[in-house]
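This briefing introduces a structure to a reader who has not met it before. The sequence and the model are shown first, and the notes that follow are grouped by topic.

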Amino acid sequence: VKQSGKSSFSFYFDELNTDANRLILLDSELRKAIEHRDFVLYFQPKVDVKLNKVVGLEALVRWNSEKLGFVSPAEFIPYAEETGLIIPISEIILEKACEELVNLRKAGYSKLPISINISSIHFQQSNFLESIQRILEKNNTSAQNFEIEVTERTVMNSDQDTISKLVRLKQLGFKLSIDDFGTGYSSLSYLVRFPVDYLKIDKSFIQHIVSLADKQAVVDAIIKMAHRLNMQVVAEGVESLQQLNYLNEMGCDFIQGYYYSKPVPMEELVEFLQFWEYE
Ligand code: C2E
Ligand code: CA
Ligand code: CA
Ligand code: CA
């Protein structure tokens, strides 16, 4: 009995290891997760380097599937974008962010905003603004409590539709960030036309900032340009004190990364905040 149990166990995992089978399972598990609203948000603090204050929290989705275990958003978000499942997932994420905001406010943090990552597929939907407004209204909350992160790739084309959506988001009261900045190889001139508040430098630039001169040059240029355009700069993926000091010297405004905290559940984040000044 023992032996046959073992062989069927390993057969199961051999099957799982083929890409096609994983995709089939990912698809059915994801649909189940949507039905049961089985996603959780973790939060990572954004720190003002000069004031040594927490100024916001980024929400990052987590999914623990029954059959696949923990699946990274870097895997399931792109799949959800391909299949259109991203729309119901985005709505669940937004609703959960509204719920967690209530918990954050109850814990006494009356102003800290929550940043939400918006997928390009969702952003490009014609009813994107309406869908966001509907969820805010349903949860009795307002845009002032949130920041929206769209990737450089999402806004790279800078067509009229993109710009007018960004303008309307600003009018509603959202703060806007361009995420993964530096990876899109887009023309920088379009930035002037965007009403954005923050540029988030991609962590691939931060990773080698202490040792690689070309990364240093890019980060330095991004910070100077952003400041000339009245934008502030967030460095993501900061893991060491050396990186932090380097970025601080370059005039980077905000830091996110494991150096301060990994993304954690709201309960843990609230404990983290006890030891910090905050906005
Ligand atoms: P992102 O928006 O660029 O998020 C930053 C990623 O870097 C997160 O990975 C975060 O956990 C990780 N990170 C933070 N600090 C450090 C650090 O010091 N070192 C390293 N090595 N990594 C760090 P995560 O949570 O796995 O998310 C990956 C990507 O999945 C996100 O990249 C975003 O594009 C997407 N994503 C995550 N949550 C959501 C969501 O709620 N909605 C949407 N549409 N996309 C999401
Ligand atoms: Ca982000
Ligand atoms: Ca990013
Ligand atoms: Ca990224």
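A polar contact is a pair of N or O atoms within 3.5 Å. The model described here is predicted. In it, a polar side-chain atom of E58 lies 3.4 Å from an oxygen atom of ligand 1. The protein covers 83% of the 800 Å² of accessible area that ligand 1 has on its own. The points below turn to the surroundings of ligand 1 and then to the calcium ions.

**Ligand 1 and its surroundings**

- Ligand 1 takes up the space of the largest pocket.
- There are 20 residues around ligand 1, and those that come nearest are Q44, R62, K203, E239 and Y258.
- By character, the residues of the shell around ligand 1 comprise 8 nonpolar, 5 polar and 7 charged.
- At least two residues of this shell come from each of β2 (53-65), α3 (73-83) and β6 (175-181).
- The element that gives the most to the shell is β2, with 4 residues.

**Further polar contacts of ligand 1**

- Q44 has a polar side-chain atom 3.0 Å from a nitrogen atom of ligand 1.
- D179 has a polar side-chain atom 3.1 Å from an oxygen atom of ligand 1.

**The calcium ion (ligand 2)**

- Four residues supply the protein donors of the calcium ion (ligand 2): E58 (OE), N117 (OD1), E149 (OE) and D179 (OD), which lie 2.2 to 2.3 Å from the ion.
- Along the chain, these donors follow the spacing E-x58-N-x31-E-x29-D.
- Distant parts of the chain are linked here, with N117 in strand β4 (residues 114-117) and D179 in strand β6, 62 residues apart.
- E58 thus appears both among the donors of this ion and in a polar contact with ligand 1.

**The calcium ion (ligand 3)**

- The calcium ion (ligand 3) is coordinated at 2.3 to 2.5 Å by D179 (OD), D180 (OD) and E236, the last listed twice through OE.
- The spacing of these donors along the chain is D-D-x55-E.
- Distant parts of the chain are again linked, as D180 belongs to strand β6 and E236 to the loop between β8 (232-235) and α11 (241-250), 56 residues apart.
- D179 bridges the calcium ion (ligand 3) and the calcium ion (ligand 2), and the two ions lie 4.1 Å apart.

**The calcium ion (ligand 4)**

- D180 provides the protein donors of the calcium ion (ligand 4), listed twice through OD, at 2.8 to 3.0 Å from the ion.
- D180 also bridges the calcium ion (ligand 4) and the calcium ion (ligand 3), which are 3.6 Å apart.
- This bridging residue, D180, is located in strand β6.

Conventions:
Residues are numbered from 1 along each chain as its sequence is written. Chains are lettered from A and ligands numbered from 1 in the order in which they are written. This is a predicted model: local features need pLDDT of at least 70, side-chain atom pairs count only at pLDDT 80 or more; totals for chains, interfaces and linings use all residues. Side-chain values use heavy atoms; hydrogens and water are left out. A residue is near a molecule or strand if one of its heavy atoms lies within 4 Å of it. A polar contact is a pair of N or O atoms within 3.5 Å; within protein, one must be able to donate a hydrogen and the other to accept it, and residues adjacent in sequence count only if both atoms are side-chain atoms. Accessible areas come from the Shrake-Rupley method with a 1.4 Å probe; for residues, only the protein chains shown count as cover. On a 1 Å grid over the protein atoms alone, a cavity is a set of points where a 1.4 Å probe fits but cannot get out, and a pocket is an open set with protein on both sides within 12 Å along at least five of seven lines; lining residues have an atom within 4 Å of a point. A molecule sits in a cavity or pocket if more than half of its atoms lie within 2 Å of its grid points. Ala, Val, Leu, Ile, Met, Phe, Trp, Tyr, Cys and Pro count as nonpolar, Asp, Glu, Lys and Arg as charged, and the others, Gly among them, as polar. Donors are N, O and S atoms within 2.8 Å of the metal (3.2 Å for Na, K and Ca); water is not among the atoms, so sites may look incomplete.
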